[in-house]
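Here are my notes for anyone opening this one for the first time. Keep the viewer open and follow the points in order.

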Amino acid sequence: MEQVLSPTTLTELRRPRPYPAVSVLTPTHRREPDNAQDPVRLRNVLAKAKKQLESDPAVTRELRMDVVGQLEQALAEVDLAHAEDGLAIFAAPGEHQVWSLARTVPERVVLSDTFLTRNLVAAQAAERPFWVLAVSADRISLWSGGGGHVVESEAAGFPLTRSLEDPDAERKERVGDLPSTFRDERTRHFLRDGDTILASVLRSAPRPVYVTGEQAALSLLDEVGTVTKDAVHVAHGGLAHANADAVWQAVSPLVTAEDRKSAATVARELETAKGRRAFAAGVDEVWQNATAGRVRLLAVEENYRVTVRDDGGDHLVPADTDDLDARDDIVDEIVEQCLDTGAQVRFVPDGMLGDAAGIAGVLRY
């Protein structure tokens, strides 16, 4: 299943495709007993997608067979044993993708000439993704983090490895010219390579970075690195060879502290915006300003969801999920709209926004 939603990947997902481009969304569950329903629900929603393809007169038999085959391949790739809170399957002639989401989604089947990406974008933003670069003298690993876990990444050729054996070590030892590991020129080049490759990753997927390693390794990175100089340093050796749990345990206190600092900064900005009359609160007011591209900073409580419908004018009103034209992922739509117009999006603890009813924004003007 896909893991990293970089700007390049998102652009590729959003490009127009030959009709029909099918988006299938379904909620999933991480734990028993709720996850027992996931296999049946997934098969049912895929059956619904196939039925819509069969009943659509614009879909030829050849196209239908192609896309149905892609949906079946996607189903075979789904790993419900490691499910998160939602699942997105995209299928079009000749291609398919499966995304596991750490944010619940409404059950939905959409046939269009583009994939439905707003739930994917909102889930990625809610995870507050970051990178962890774990360095040692013989291995540099990269970890993709967010949503309370990390997974090792193979982006740009990571992990980097090398042998510590020096073919000239015996002679150097005889003449007293054998440097310590982190004073060796080969090690300097190795860590500089890791820093350079990380820079290429950040160009396509910018995120906060944590760097872990022995203090000597971190000091050397300060000398030879560029992007790692601005990263949060975690003096902890051994993680370049460690498993995901060990890496997460090492960085999680700092990630939690950064999240608290970010939430406090958001609270101050919202309060200042109220005094400047540059503040929007509630889903209807925020939606109007987001649509107009006026939101500079969007704050959303982590578990805030609301179902609405358009009242026929310029406002949203509360609705039931089975109402005609109900929009039960309007929050995700607002998140995507704000990110598309260059706004910052911050997910904050439930209850933090008080009278703002779950969602608020700082306006540009």
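1. Start with β12 and β16, which pair in the antiparallel sense over 5 bridges. Across that pairing, A299 has A360 in β16 as its bridge partner. Keep in mind throughout that this is a predicted model.

2. Now look at what β12 does with β15: these two pair in the parallel sense, also over 5 bridges. To find the place, go to E301, whose bridge partner in β15 is V348. As background, strands of a sheet pair through backbone hydrogen bonds, either parallel or antiparallel.

3. Put those strands together with β11 and you get an open sheet of 4 strands, in the order β11-β16-β12-β15, with mixed pairing. Which strands stand at the edges? They are β11 (279-281) and β15; each has a single partner strand, so one side of each is left without a neighbour in the sheet. From one strand to the next, the twist averages 15°.

4. The β11 end is worth a quick look too. β11 and β16 pair in the antiparallel sense over 3 bridges, and A280 stands opposite G361 in β16.

5. Two helices pack on this sheet. α9 touches β11, β12 and β16, and its direction makes about 130° with that of β11. α10 touches β12, β15 and β16, with its direction at about 150° to that of β12.

6. How much of β12 is buried? This strand is mostly covered, with 6 of its 7 residues buried. One residue to click on here is L298: leaving aside neighbours within four places in sequence, L298 is in contact with V286, I334, V335, C338, Q344, V345, R346, I359, A360 and G361.

7. That brings us to the largest nonpolar core, which has 25 residues; among them, L298 and I334 touch the most other members. At least two residues of this core come from each of α4 (118-126), α9 (283-291), β12 (295-301), α10 (330-340), β15 (344-348) and β16 (359-363). α10 gives the most, with 5 residues. A second, separate core has 23 residues, including L133, V209, L218 and L220. In general, nonpolar side chains tend to be buried together in soluble globular proteins.

8. Stay with α10 for a moment. The buried residues of this helix are I330, V331, D332, I334, V335, E336 and C338, so don't expect a purely nonpolar list: D332 and E336 are on it, with buried taken as under 20% relative accessible area. After α10 comes G342, whose phi is positive, near 85°.

9. Next, the largest pocket. Its volume is about 850 Å³, and 30 residues line it, with R128, P129, P206, R207 and P208 nearest its centre. Two or more lining residues come from each of α1 (7-14), α4, β9 (209-213), α8 (244-275), α10 and β15. Which element gives the largest share of the lining? That is α8, with 4 residues. Note that α4, α10 and β15 appear here as well as among the suppliers of the largest core.

10. Elsewhere in the chain there is another open sheet of 4 strands, ordered β3-β2-β1-β4, and here the pairing is antiparallel. β3 (95-101) and β4 (108-112) stand at its edges with a single partner strand each, so one side of each is left without a neighbour in the sheet. The twist averages 10° from one strand to the next.

11. Within that sheet, 6 bridges join β1 (residues 21-27) to β2 (residues 86-92), and the two run antiparallel. P27 is a handy marker, with G86 in β2 as its bridge partner. Helix α2 (residues 38-55) lies across β1, β2 and β4, at about 155° to β1. Helix α3 (residues 61-77) lies across β1, β2 and β3, at about 150° to β2.

12. Finally, zoom out. The chain has 10 helices and 16 strands, and its C-alpha atoms fill a box of roughly 85 × 60 × 40 Å along the principal axes. Of the 365 residues, 47% are buried. Among contacts between residues at least 6 apart in sequence, 66% join residues at least 24 apart.

Definitions and conventions. Residues are numbered from 1 along each chain as its sequence is written. This is a predicted model: local features need pLDDT of at least 70, side-chain atom pairs count only at pLDDT 80 or more; totals for chains, interfaces and linings use all residues. Side-chain values use heavy atoms; hydrogens and water are left out. Two strands pair if DSSP finds at least two bridges between them. Axes are lines fitted to C-alpha atoms, for helices over the stretch in contact, and angles run from 0 to 180 degrees between N-to-C directions. Contact means heavy atoms within 4.5 Å. A nonpolar core is a set of buried Ala, Val, Leu, Ile, Met, Phe, Trp, Tyr and Cys residues joined through side-chain atoms within 4.5 Å. Buried means under 20% relative accessible area, exposed over 50%, partly exposed in between (1.4 Å probe, protein chains only). On a 1 Å grid over the protein atoms alone, a cavity is a set of points where a 1.4 Å probe fits but cannot get out, and a pocket is an open set with protein on both sides within 12 Å along at least five of seven lines; lining residues have an atom within 4 Å of a point. Grid points are joined across faces, edges and corners, and a volume is the space filled by probe spheres set on the points.
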